[in-house]
Amino acid sequence: MMTIRRASERGHRDYGWLSTFHTFSFSDYHDPKHMGFRSLRVINDDRIAPGQGFGTHGHRDMEIISFVVEGALAHKDSMGNGAVVRPGEIQRMSAGTGITHSEFNPSPDASTQLLQIWIQPDVLGGTPSYEQKTFAHAPGALRLVASPDGAQGSVTIHADARMYVGRFDSEQRSTFTVDPGRHLWIHVVRGEVSISGENLRGGDGAAFSQEGEIAFLGLDAAQVLVFDLA
């Protein structure tokens, strides 16, 4: 069974320096019908103004993935990491027993768009850690970028979850099999794609909780994230 959550249904907050859309309840946006999906707790679609960002703040017991869509994101944390994340890269922080970090748009004139993703770990109180990798994405295919075992060169998360990135140009097709006992959340980053006969556009999401094959058909230079969850 597929359940669609349209982009227009998401929560939205505009703070001037930050325009953010919440797929699930977050901060002062609360929707009891959308508190997350399985272990997937947060998908925030953030647009950060030039030279602005999130000052130093703390997290614990969460797997945090940053996916930059446009622009760049400058990162610093209490583990001593400092890096810039750009499109095509995946940043993973395991907050564990606690970390502090900051994230800023380093550009003086261009905005940054990123997806901030939180996944609940299987075990609380782990050792904080950081990982960042670059991935090549062949159009018409799904690329594994995060997994519990680092398979296929993916970043390692401490949860029974896998995250894939897919790009589909017009008329490109692919399939994904939902195994027994697994559940999918699909987030369309941009463009337009048909998913098992339903047309979805940038910001739309869809949940699948029944085993079987999911069919993707690119309609207009689409990019999607697929979360395979226990």
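**A look around an all-strand chain, starting at Ser-94**

Ser-94 sits in strand β9, which covers residues 89–94. The model is a predicted one, and this serine makes a handy way in. With a relative accessibility of just 2%, Ser-94 counts as buried, since the cut-off for that label is under 20%. Its side chain reaches the side chain of Glu-63 in a polar contact of 2.7 Å. Leaving aside residues up to four places away in sequence, Ser-94 touches Met-62, Glu-63, Ile-99, Thr-127, Pro-128, Ser-129 and His-158.

Stepping back to the whole protein chain, the tally of secondary structure is 20 strands and 0 helices. The chain has 230 residues, and its radius of gyration of 17 Å agrees with the value near 17 Å that a compact globule of that length would have. Measured out along the principal axes, the C-alpha trace spans about 45 × 40 × 35 Å. Half of the story is on the inside: buried residues make up 50% of the 230. Among contacts with a separation of 6 or more, 69% come from residues 24 or more positions apart.

One piece of the strand layout is an open sheet of 4 strands, in the order β5-β10-β7-β8, with antiparallel pairing. Its edges are β5 (53–59) and β8 (82–85), each of which pairs on one side only. From one strand to the next, the twist averages 20°. As a general matter, strands of a sheet pair through backbone hydrogen bonds, in either a parallel or an antiparallel sense. Here, β5 and β10 (residues 99–104) run antiparallel and share 5 bridges. One of the residues involved is His-57, whose bridge partner in β10 is His-101.

Next come the aromatic rings. Searching the whole structure turns up 6 aromatic pairs. In one of them, Phe-26 and Trp-118 have ring centres 5.3 Å apart and planes at 75°, so the pair is edge-to-face. Phe-26 belongs to the loop between β3 (18–22) and β4 (40–48), while Trp-118 belongs to strand β11 (residues 112–119), so the pair ties together parts that are 92 residues apart in sequence. The two partners fall into separate accessibility classes: Phe-26 counts as partly exposed at 21% relative accessibility, whereas Trp-118 counts as buried at 14%. Another pair, Phe-168 with Phe-216, is stacked, with 5.4 Å from centre to centre and 5° between the planes. This pair also links distant parts of the chain, as Phe-168 is in strand β15 (residues 161–168) and Phe-216 is in strand β20 (residues 212–229), 48 residues apart. Both of these phenylalanines, Phe-168 and Phe-216, are buried. Elsewhere, ring pairs join Phe-24, Phe-37 and Trp-185 into a cluster.

Finally, a couple of backbone oddities turn up in loops. Most residues other than glycine have a negative phi. Gln-152 is not a glycine, yet has a positive phi of about 55°. Gln-152 is found in the loop between β13 (141–147) and β14 (155–156), and is exposed, with a relative accessible area of 61%. Glu-171 gives a second case, with a positive phi near 75° in a residue other than glycine. Glu-171 lies in the loop between β15 and β16 (173–178), and this residue too is exposed, at 54% relative accessible area.

Key:
Residues are numbered from 1 along each chain as its sequence is written. This is a predicted model: local features need pLDDT of at least 70, side-chain atom pairs count only at pLDDT 80 or more; totals for chains, interfaces and linings use all residues. Side-chain values use heavy atoms; hydrogens and water are left out. Two strands pair if DSSP finds at least two bridges between them. Helices (H or I, at least four residues) and strands (E, at least two) are DSSP runs, numbered from the N terminus. Axes are lines fitted to C-alpha atoms, for helices over the stretch in contact, and angles run from 0 to 180 degrees between N-to-C directions. Rings of Phe, Tyr and Trp (its six-membered ring) pair if their centres lie within 6.5 Å; planes under 30 degrees apart count as stacked, over 60 as edge-to-face and the rest as tilted. Buried means under 20% relative accessible area, exposed over 50%, partly exposed in between (1.4 Å probe, protein chains only). A polar contact is a pair of N or O atoms within 3.5 Å; within protein, one must be able to donate a hydrogen and the other to accept it, and residues adjacent in sequence count only if both atoms are side-chain atoms. Contact means heavy atoms within 4.5 Å. The radius of gyration is taken over C-alpha atoms; the globule rule is 2.2 Å times the number of residues to the power 0.38.
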